[in-house]
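Me: Please take a close look at one sheet and what surrounds it. Set the scene with the whole chains, then go strand by strand.

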Amino acid sequence: MNKVRAAKTIWEKWHLDLTILICLFMLCGAGLLILYSASNQDMSMVIGQSARFVMAFILMFVLAQIRPDHYKRIAPWLYVFGVLLLVMVLGLGAISKGAQRWLSVGLFRFQPAEIMKLAVPLILSWYLSEQYLPPRARTLCMAALLIILPALLTIKQPDLGTGLLIISAGTGVILLSGIRWRWVIICLLVFLSVTPLLWHHMHQYQRERVFVFLNPESDPLGAGYHIIQSKIAIGSGGLFGKGWLHGTQSHLSFLPEHATDFIFSVCGEEFGFMGALFLIILYSILIMRGFYISTEAQDTFSRLLAGSITLMFFFSMFINIGMVTGVLPVVGLPLPLISYGGTSMVTLIAGFGILMSIHTHRKLVGT
Amino acid sequence: MSKRFTLKNPKQEIDQYKRRLAVVSIFVGVLLLVLVARLMYLQIVRYQLYSTLSQQNLLSVAPIDPSRGLIYDRNGVLLAGNMPVFSLEVSPSKVHNLKQTLAALNELIPLSPADLQAFYKQLGEGRQFGSIPLRVKLTDQEIATFAVNQYQFPGIFIQAHMVRYYPFGAVMEPVLGYVGRINAKELAQVNPANYSATNYYGKAGIEKYYETMLHGTVGIQQVETDVNGRIIRSNQSKPAIAGNNLYLSIDSKFEVAIAKILGNNAGAVIAIDPRNGQVLALVSTPGFDPNQFVTGISEKAYSALANDPSHPMYNRAINGQFAPGSTVKPFYALEGLQTGMIAPSTQFFDPGWYKLPDSEHVFHNWVRKGFGWVNVETAIIQSCDTFFYDLAYKMGVHKLGDVLTQFGFGQATHIDTYGESLGLVPTPMWKLRVHHQPWYPGDTVVTGIGQGYLLVTPLQLAHAVVTLVNHGQALQPTLLLKTETPQGALTQTQAIPQAVVNFSQHYYDLVLKAMREVVSDPRGTAYAAGLGAPYTFGGKSGTAQVFGLKGNETDNSNLLPLKLRDDSWFEAFAPAQNPTIVVVVFMEHGGEGHSVMLARQVLDAYFNQEHK
């Protein structure tokens, strides 16, 4: 089919993807509404978040202009840089809430693990696209190493959530690259046998989170408190929710995480099943668009990159909502684009910028 | 054997990718459906349950305060107990408009600015459970007033708490320490869930050292409350476990008697049983009443205590670091004998003064005309400074420091309470580092009579005398005698031996004999104190000149202004053979010999009571 077009649309000229843009705006807008309520009507938090959105969108715009082959070139450098930062964090990170996840550079504090959320897809896509596909055993091992190294460094911080995210998304990419199914089964078996080792390395409080996940009522004063209250909040929202700003708050008002990790509970309580479903549909549209972009990509690197960024986004959302509804143990991961906080949102939106770049830099020539 | 593509085939790659993507998409779709299904379950299937839980009957988990363990003396006399107190508490998450509600409340029950300040501070620290106290110690009138009007204030209620009280007040404070309101830093050191119902934490002394044992374990109570915070139903899911009761080795009657003997003077007394290291008394005066700290001391009262020139908050017994004076002479004598520097029969002539070679500076004996010919035994009995100036110079600062260190000076005694000071055993390296000056021979000489840079705590001195009396077997001073679980099981603490100071038993005998003669020999510095005693004892006096001002303005009817008077020490053991008690009496600015007389009174008190 002839795909040559006479002129580019204005969006394409600016290397923007309309679908993604609309969904992002709607999600960010919804997020601000929910944040306003979750923060007990603290306008300063909303304004702060909006300012971060503006910066993130500017970054997204800039990244969308850059051609994908530039990304391919810097992939290994970004990865090495990110790993070094992770090592630094373990060494001398500033302590925030008992976990070393941050580095301070002058006035800025950021989490190096966030860089890995982009760097790992980048380097996997770069590496795998250079190999013969389907990948051979040696390639597979190398890919696994590329994933496990930053994942372990992150988990050691301790930041179990982001570590798991890196592993899930990385695994997804390897799957996408066409690894033969027998290898998948072998890896599954290896993973099952490695789980005890992972368990051994987990901090006590991380292990407790798993126990409490299985039975939150066993520790109602400690770790189980979050899950119990979250389920009550969400469940009591019913079909249409209690209405904006009308969450009883008595469950969540003094939870330190209600504006961050558990913000979905506020959404569920105030907007009900309909509201939650609406959010999930928006996320799904973004994910479908991301997958679509990956199928329309014109070289292996772009294809894999689009797929992996989309998977990273999907897992961020799935892990958070799963945790908040009691499907997964509490691992401390913010809800993409809605939770209060800068670094995670910036990397996600930046990722969409890269997606837009991949899509709009195609050579519009029929195949 | 898997197929290998020798050339990259884009079309095949794309197709294969699309196949893979399809699989991954299905997987993603399934997971999304799982989420949606879960939401449906929570919000539609279980809606009634959760709605009820959230709106009509709020399911709260309330922590149950565990009862703090009691502290007794060795005979079962209560030293620290718990008594009920009623306070006004706020459950912030249940109050709709905090500022308004508090303003309205203030018209009923006076809330001082200090109360509000403390309340907002705790609110800011973000405790998520239970309630925050607004005003403690309500009067009966206030309780009644509030009870009648409680319906107007949802989220605010009266809570009965058990709080600590100390029947002996200031006397026992140096031993027990006290509890105060827990702060964020302390909360960070413990499991916060365990402390979710507790407002208090040990801040000093035994209360702090044994905090974990005394605190117990929090209980959990599931309560269903209505929208106004009234409890509809409660099930206790896990009862609280009370803390362990502690029995201390302290004898309260003895301690009270000693405090009376010291009176208002600044000083300290420590009494240890040398057979097992049990601390029988630990007194520091003047003191302060710890009961005022329990529910929160006002800033005014606190600064009055902190700025009091007699330093009542200063625990002289374990924190006070002072020059020991002649009390360390017996230890030097041991070292001199053991290293062969002197022999028991070595004669030394004391003209009443001492001069270093190539120096014009004169060091005086405390008896100006000197004691004439002395040996080590008579030097101890009469506390001959000249003998020890010479001994110190011959031994050198390192040997002096060595024996002091072996007897535990300059280090922790590891007594089971909080906050002991380490004192100081000076060395040339130390002086260079701290004072940027070299060590002079004169420094060694004055160290020889326990002056100069040497600092010890009364506790360290008592500990060292216990070692001496035990012929070198050091024992850790212990305050805890036994613990009692809530079920009544008793655990006795054992004596804890420490490193042995291995000197010849013959020399130990000699030095102890000399110390007995300090009391029994008419030339002895404690002879007057020993007259007429129905028991025998031995010891060594010490007087330390005070360099620098101590700003003590307590007036006294003696000749010299207090701040210039010397510190006075006496270390004693009784009975003279096979002692059952070691006592150290320290009086700040006591003047020469004062502690000796007090020590006699202390021993009188000890022997007049029946002791096993």
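Reply: A contact here means heavy atoms within 4.5 Å. Among contacts in chain B between residues at least 6 apart in sequence, 70% join residues at least 24 apart. The model is predicted, so local features need pLDDT of at least 70, side-chain atom pairs need 80 or more, totals for chains, interfaces and linings use all residues, and side-chain values use heavy atoms without hydrogens or water. Residues are numbered from 1 along each chain as its sequence is written, with chains lettered from A and ligands numbered from 1 in the order written.

First, chain B as a whole. It has 21 helices and 23 strands (DSSP runs numbered from the N terminus: H or I of at least four residues for helices, E of at least two for strands). Of its 612 residues, 53% count as buried (buried is under 20% relative accessible area, exposed over 50%, partly exposed in between, with a 1.4 Å probe and protein chains only). The accessible surface of chain B is about 27600 Å², and carbon and sulfur atoms hold 55% of it (Shrake-Rupley method, 1.4 Å probe; for residues, only the protein chains shown count as cover).

Now the sheet. It is open and has 5 strands, in the order β12-β11-β23-β22-β21 of chain B, with antiparallel pairing (two strands pair if DSSP finds at least two bridges between them). β12 and β21 (538-544) of chain B sit at the edges with a single partner strand each, so one side of each has no neighbour in the sheet. On average, neighbouring strands of this sheet are turned by 5 degrees against each other, direction ignored.

Helix α21 (residues 594-608) of chain B packs on the sheet. It touches β12, β21, β22 and β23 of chain B. Its direction makes about 140 degrees with that of β23(B) (axes are lines fitted to C-alpha atoms, for helices over the stretch in contact, and angles run from 0 to 180 degrees between N-to-C directions).

Strand β11 (residues 267-273) of chain B deserves the closest look. 7 of its 7 residues are buried, so the rest of the structure largely encloses it. B:Gly267, B:Val269, B:Ala271 and B:Asp273 point one way from β11(B). B:Ala268, B:Ile270 and B:Ile272 point the other way. Both sets are buried.

β11(B) has two partners to follow. On one side, 7 bridges join β11(B) to strand β12 (residues 278-285) of chain B, running antiparallel. There, B:Gly267 has B:Thr285 as its bridge partner. β11(B) and β12(B) form a hairpin with 4 residues between the strands. In that hairpin, B:Gly277 takes a positive phi near 80 degrees. With strand β23 (residues 581-587) of chain B, β11(B) shares 6 bridges, again antiparallel. B:Ile272 stands opposite B:Val582 in β23(B).

At the β21 edge, 7 bridges join β21(B) to strand β22 (residues 567-574) of chain B in antiparallel fashion. One facing pair is B:Gly539 and B:Ala572 in β22(B).

Elsewhere in chain B, two helices cross. The axes of helix α13 (residues 329-338) and helix α15 (residues 385-406) of chain B come within 9 Å and cross at roughly 80 degrees. That makes α13(B) roughly perpendicular to α15(B) (65 to 115 degrees is roughly perpendicular, under 35 roughly parallel, over 145 roughly antiparallel, the rest oblique). Residues of α13(B) in this meeting include B:Phe331, B:Tyr332 and B:Ala333. Those of α15(B) include B:Phe388, B:Leu391 and B:Met395.

Charged pairs come next. The structure holds 21 salt bridges over all chains (a Lys or Arg side-chain nitrogen within 4 Å of an Asp or Glu carboxyl oxygen). In chain B, B:Glu142 and B:Arg135 meet in one, at 2.9 Å from N to O. B:Glu142 counts as buried at 12% relative accessibility. B:Arg135 is also buried, at 12%. A network of salt bridges links B:Arg68, B:Arg164, B:Glu207 and B:Glu211.

Chain A makes the backdrop. It has 13 helices and 3 strands. Of its 367 residues, 56% are buried. It exposes about 15400 Å², with carbon and sulfur atoms supplying 71%. A:Glu269 and A:Lys242 form a salt bridge at 2.9 Å, N to O. The pair links distant parts of the chain, 27 residues apart: A:Glu269 is in helix α11 (residues 263-296), and A:Lys242 is in the loop between α10 (224-235) and α11. A:Glu269 is buried at 1% relative accessible area. A:Lys242 also counts as buried, at 18%.
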